[in-house]
Amino acid sequence: MTAPFDLSDDTVVVVIGTGAGGGVLANELAQKGVSVVALEAGGRYLPEDYINDEWESFGQLAWTDPRTTSGDWRVARDFSGLPAWIVKAVGGTTTHWAGASLRFQDHEWKARTTYGDVQGANLLDWPIDPREMDDYYTRAEEKLGVTRTNDRAGLPGNTNFKVFEKGAKALGYEEVHTGRMAINSADYDERPACQQTGFCFQGCKWGAKWSAAYTDIPRGEATGNLEVRERCHVLRIEHDEEGKASSVVYVDAGGTQQEQKARVVCVAGNSIESPRLLLNSASQMFPDGLANSSGQVGRNYMRHVTGSVYATFDKPVRMWRGTTMAGIIQDEARHDPERGFVGGYELETLALGLPFMAAFLDPGGWGREFTSALDHYENMAGMWIVGEDMPQETNRITLNHAVTDQHGLPVADVHFDDHPNDIAMRNHAYKQGMAVYDAVGATRTFPTPPYPSTHNLGTNRMSANPRDGVVNSHGQSHDIANLFVSDGSQFTTGASENPTLTIVALAIRQAEFIAAELGRQNL
Ligand SMILES: Cc1cc2nc3c(=O)[nH]c(=O)nc-3n(C[C@H](O)[C@H](O)[C@H](O)COP(=O)(O)OP(=O)(O)OC[C@H]3O[C@@H](n4cnc5c(N)ncnc54)[C@H](O)[C@@H]3O)c2cc1C
Ligand code: SF4
């Protein structure tokens with residue numbers, strides 16, 4: 001049987017969401033001859049459609065359906081309707097992403113064992129041996145064409161990087177380079193080398209940056225085994241009398257409700273929509289939502305310890321030129337409790353355009369401090385902090401029944417409070433980041449609080465013991481054998497690295513498992 005598939009075809013694997021997890025999983029399954037229907041809430045945009053303008057691009061690609069926030073984080077105060085920056089489009093957030101692609105450090109797979117009992121943190125070891133991931137990481141790096149892996153050259157440094165590198169070296173940092181990026185430094189895999197034009201967050205108009213939108217998804221479709229239905233928003237997952245997932249109910253591009261039968265269902269809607277979907281799929285048999293016998297669906301939401309440091313200089317930097325995020329200091333990523341916190345963080349170059357800078361630098365203010373900073377935008381350099389945050393049971397996605405979306409379903413409320421470890425880490429990172437710029441003559445430095453979350457993790461986490469989480473080491477739900485979680489919500493803990501390479505490696509691994517289980521008639 002080849003695509004398109006019939007709604008009544010109950011032999012297909014249905015993948016919900018086509019981002020880093022879902023897009024890669026759908027292609028990997030299709031390559032193995034498995035029939036896949038991928039349902040994607042957003043439309044299809046390709047490099048020729050991308051817009052080199054921050055707000056217009058955001059309007060084109062971002063998920064702007066209503067969500068609510070609560071908790072003590074700054075995002076709840078300043079961006080209460082926008083807890084996260086997530087894409088709603090074929091390819092998911094891999095259109096907006098910057099491409100930083102790092103492997104976890106070995107100890108980060110075993111955070112509970114390494115960090116011990118951290119009060120208030122719901123730490124757990126991943127049920128995966130780090131050595132088992134080596135090969136999957138290599139395959140993910142090949143797929144994404146990650147620079148500085150397998151003899152691929154690094155990207156050239158832009159001026160933002162040169163300022164950052166000089167300051168870092170002055171402080172004695174050693175692991176400083178232009179990063180491991182899923183951006184071609186030379187032509188690779190039918191995509192051109194980076195042209196250094198900037199606007200990486202707005203979708204790479206050259207296709208030099210990897211995105212599932214124009215790699216995995218069309219390749220999966222070309223096999224005839226994958227049908228991607230865009231502008232199809234999944235409302236709930238249905239199950240049969242035995243409690244097995246049996247179909248998926250969605251609203252199609254024309255606004256009509258449809259039901260696609262399924263042999264296996266894989267949820268990959270990102271760490272906010274995936275738990276929301278499982279909770280919205282509650283039934284008489286599963287009154288607390290699907291896969292939720294542990295009560296862990298939606299809990300342990302993580303977003304990385306983030307923050308930025310900007311600095312102005314007496315000469316132009318023009319940080320917006322060239323790649324948005326190709327520059328990293330890795331020395332602080334180690335686990336070293338002597339610094340006053342467990343886990344570690346990365347410092348990565350970051351450039352925001354003037355429209356986003358105006359919104360994020362200090363959304364509360366419009367005084368001399370703020371306007372004089374913007375006056376020096378041309379002379380500004382910037383970096384982003386990304387560190388491991390502590391999973392907490394109370395940081396969670398719940399259904400907000402008081403607010404409904406365009407389909408009448410309760411929206412996700414995203415609750416987040418910083419853990420004391422997160423605050424200690426962020427303060428350390430601010431200090432180090434400012435020192436980097438001070439070492440090369442910054443005239444002013446601006447420690448800047450976190451923006452809406454770009455790294456959304458946890459909420460359907462992996463656990464060895466069904467009591468502690470939602471899915472097993474293959475992303476298969478503990479409760480329902482033919483229901484999988486395939487996105488960043490599987491993360492047991494967040495590590496200090498940008499997450500997408502690990503999401504992709506896990507999707508490759510999961511595809512192998514599902515195909516083998518289908519072959520053995522276990523699903
Ligand atoms: C500006 C920016 C920069 C980033 N830079 C980096 C980086 O440098 N390195 C890195 O590792 N990560 C980066 N990230 C994060 C990275 O993009 C995400 O971690 C990754 O894409 C998450 O993958 P996912 O599969 O969990 O979800 P996504 O890629 O977000 O995909 C989820 C998809 O599911 C769809 N969906 C949701 N609900 C439904 C539903 N009910 N029905 C149908 N479809 C649905 C959504 O529309 C979306 O397309 C960045 C993110 C942003 C926003
Ligand atoms: S700088 Fe490179 S990766 Fe970024 S958008 Fe331009 S070509 Fe693409």
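This short talk walks through a predicted model, its two ligands, its cavities and a few backbone details.

Ground rules, briefly. Residues are numbered from 1 along each chain as its sequence is written, chains are lettered from A and ligands numbered from 1 in the order written. Local features need pLDDT of at least 70 and side-chain atom pairs pLDDT 80 or more, while totals for chains, interfaces and linings use all residues, and side-chain values use heavy atoms, without hydrogens or water.

Start with ligand 1. Its shell holds 40 residues, counted when a heavy atom lies within 4 Å of the ligand. Which come nearest? Glu40, Thr93, Ala100, Asn270 and Thr500. By class, the shell has 19 nonpolar, 17 polar and 4 charged residues. Here Ala, Val, Leu, Ile, Met, Phe, Trp, Tyr, Cys and Pro are nonpolar; Asp, Glu, Lys and Arg are charged; the others, Gly among them, are polar.

Now the backbone contacts with ligand 1. A polar contact is a pair of N or O atoms within 3.5 Å. A polar backbone atom of Gly21 sits 2.9 Å from a ligand oxygen. For Pro499, a backbone N or O atom is 3.3 Å from an oxygen of ligand 1. At Ala100 the partner is a nitrogen of the ligand, 2.8 Å from a backbone N or O atom. How much of ligand 1 does the protein bury? Taken alone, ligand 1 exposes 1,000 Å², and the protein buries 99% of that (Shrake-Rupley areas, 1.4 Å probe). Helix H1 (20–31), strand E6 (233–239), helix H8 (270–280) and helix H12 (500–519) each give two or more residues to the shell. These elements are DSSP runs: helices are H or I with at least four residues, strands E with at least two.

Ligand 2 next. Around it are Ile183, Cys194, Gln195, Gln196, Thr197, Gly198, Cys200, Cys204, Trp206 and Thr323. That shell splits into 5 nonpolar, 5 polar and no charged residues.

On to empty space. There are 2 cavities of 30 Å³ or more. A cavity is a set of points on a 1 Å grid, over the protein atoms alone, where a 1.4 Å probe fits but cannot get out; lining residues have an atom within 4 Å of a point. Volume is the space filled by probe spheres set on points joined across faces, edges and corners. The second largest has about 40 Å³. Ala100 returns here, in a lining that includes Leu102, Arg180, Met325 and Glu348. That lining has 5 nonpolar, 2 polar and 2 charged residues.

Two domain annotations come from an unreviewed UniProt entry. "Glucose-methanol-choline oxidoreductase N-terminal" covers residues 88–305. That span is 23% helix and 14% strand, with end C-alpha atoms 24 Å apart. The C-terminal counterpart is listed for residues 391–507. There, 23% is helix and 20% strand, and the ends lie 22 Å apart.

Last, the backbone. Ala3 and Pro4 share a cis peptide bond, omega about 0°. Pro4 falls in the segment before strand E1 (13–16). Asp189 has a positive phi, near 55°. Asp189 lies in the loop between strand E4 (176–177) and helix H7 (216–222).

Conventions: 1 Å grid on protein atoms, 1.4 Å probe; cavity = no way out; pocket = protein on both sides within 12 Å on 5 of 7 lines; lining within 4 Å. Polar contact = N/O pair within 3.5 Å; in protein donor to acceptor, adjacent residues only side chain to side chain. UniProt positions renumbered as here; feature names shortened; annotations may be inferred.
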